[in-house]
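Trainee: Could you take me through a close look at a single part of this model, the place where its aromatic side chains gather? Please go slowly, and then show me how that part fits with what lies around it.

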Amino acid sequence: MTHGMRTDRNTTRLDGHRTWRDTAGHYALLPLRVFLGVTFIYAGLDKLTDSAFMKSGGAGSVGDTMRAARDSAAIPALVDLALKNPVGFGYAIALGELAVGIGILLGLFGRLAALGGALISLSLWLTVSWATTPYYYGNDLAYLMAWLPLILAGTPYLSLDAAWRGRRRLTGGYR
């Protein structure tokens, strides 16, 4: 004889209240959103305010960083493309990081912001961090993996995306 055993302990109770596990599961991605958002905003602002970084040559410049990474990059052609205008590329990365950080923190086009963060992390991993040995010492691969759950889940709560979804539901959708 088989005895029924309840294994779905994380479901909402019949009275509509959530258990603490339900609540924890619901907000599980929030710390990741806050961390990535703050980190990418900081990285973008750090690049924009560093006078040495936004130069095509010199110690600490984006140009010298890319030239140093070129021969060890997985795709040297990406570095060559960026070296055509290193200062423009530096601004593109900094503004991209800023936009991604703000987007994911506010939950504004969350999946798109997460995709942008993943693409920035992927490009940095394939160029600057590629030669890091062992691979887990390089942080760009870890950032790339951290963006994946947010690409899949988006920003479904505590976000502008959720507020817009709720408003569309109340007004009956687009007309």
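Mentor: Let us begin with four residues, Phe-35, Phe-40, Tyr-143 and Trp-147, which form one aromatic cluster. Please keep in mind that the model is predicted, and that the cluster is one part of a wider picture, since the count of aromatic pairs comes to eight.

Within that cluster, Trp-147 is a good residue to follow outward. Leaving aside residues up to four places away in sequence, Trp-147 touches Leu-36, Phe-40, Val-100, Ile-104, Ala-113, Ala-114, Gly-117, Ala-118 and Ser-121. If you select these residues one by one in the viewer, you can trace the surroundings of the Trp-147 side chain for yourself, with Phe-40 appearing both among these contacts and in the aromatic cluster.

These contacts lead us into the largest nonpolar core, which has 14 residues. Those with the most contacts inside this core are Leu-36, Phe-40, Val-100, Ile-104, Ala-114, Trp-147 and Leu-150. The elements that each give two or more residues to the core are helix 2 (30-49), helix 5 (86-106), helix 6 (110-127) and helix 7 (139-153). Of these, helix 7 gives the most, with six residues. There is also a second, separate core of eight residues, and among its members are Met-54, Val-62, Ala-73 and Ala-82.

It helps now to place these helices in the whole chain. The protein chain has eight helices and zero strands, so that, read from the N terminus on, its elements run α-α-α-α-α-α-α-α. Of the 175 residues in the chain, 31% are buried. Among contacts with a separation of 6 or more, residues 24 or more positions apart account for 64%. As for the outside, the chain exposes about 11100 Å², and carbon and sulfur atoms supply 65% of that area.

Two of the helices that contribute to the largest core are also joined by charged side chains. Side chains of opposite charge can pair when their charged atoms come close. The structure holds four salt bridges, and one of them is formed by Lys-47 with Glu-97, whose closest N and O atoms are 3.0 Å apart. Because Lys-47 lies in helix 2 and Glu-97 in helix 5, this pair ties together parts that are 50 residues apart in sequence. Both partners are worth inspecting with the surface switched on, for Lys-47 is buried, and so is Glu-97. Lys-47 also takes us back to the theme of aromatic rings, as its charged end sits over the ring of Phe-53, 5.9 Å from the centre of that ring.

For a contrast in setting, turn to Arg-67 and Asp-64, whose side chains meet in a salt bridge with an N to O distance of 3.0 Å. These two residues are three apart in helix 3 (residues 62-70), and they are therefore separated by about one helical turn. Arg-67 is partly exposed, with a relative accessible area of 41%, and Asp-64 is partly exposed as well, at 31%. Further along the chain, Arg-70 forms a salt bridge with Asp-71, the closest N and O atoms being 3.4 Å apart. Here Arg-70 is partly exposed, with a relative accessible area of 27%, whereas Asp-71 is exposed, at 68%. Salt bridges that share partners join Arg-70, Asp-71 and Asp-80 into one network.

Finally, look at the loops beside the helices we have been discussing, where some details of the backbone deserve attention. In the loop between helix 5 and helix 6 lies Phe-109, which has a positive phi of about 50° although it is not a glycine. Phe-109 counts as exposed because its relative accessible area is 51%, and the cut-off for that word is over 50%. The loop between helix 6 and helix 7 holds Pro-134, and a cis peptide bond, with omega about -10°, joins Thr-133 and Pro-134. In the loop between helix 7 and helix 8 (160-171) you will find Leu-158, another residue that has a positive phi of about 50° although it is not a glycine. Leu-158 is exposed too, at 56% relative accessibility.

Terms used: Residues numbered from 1 in each chain as written. Predicted model: local features only at pLDDT ≥ 70, side-chain atom pairs only at ≥ 80, totals over all residues. Heavy atoms only, no water. Core = buried A, V, L, I, M, F, W, Y, C linked by side-chain atoms within 4.5 Å. Buried < 20%, exposed > 50% of the residue type's maximum accessible area, 1.4 Å probe, protein only. Helix = DSSP H or I, 4+ residues; strand = E, 2+ residues; numbered from the N terminus. Contact = heavy atoms within 4.5 Å. Phe/Tyr/Trp six-rings, centres within 6.5 Å; stacked < 30°, edge-to-face > 60°. Lys NZ or Arg CZ within 6 Å of the ring centre and 35° of its normal. Areas by Shrake-Rupley, 256 points an atom, 1.4 Å probe, with all protein chains shown as cover.
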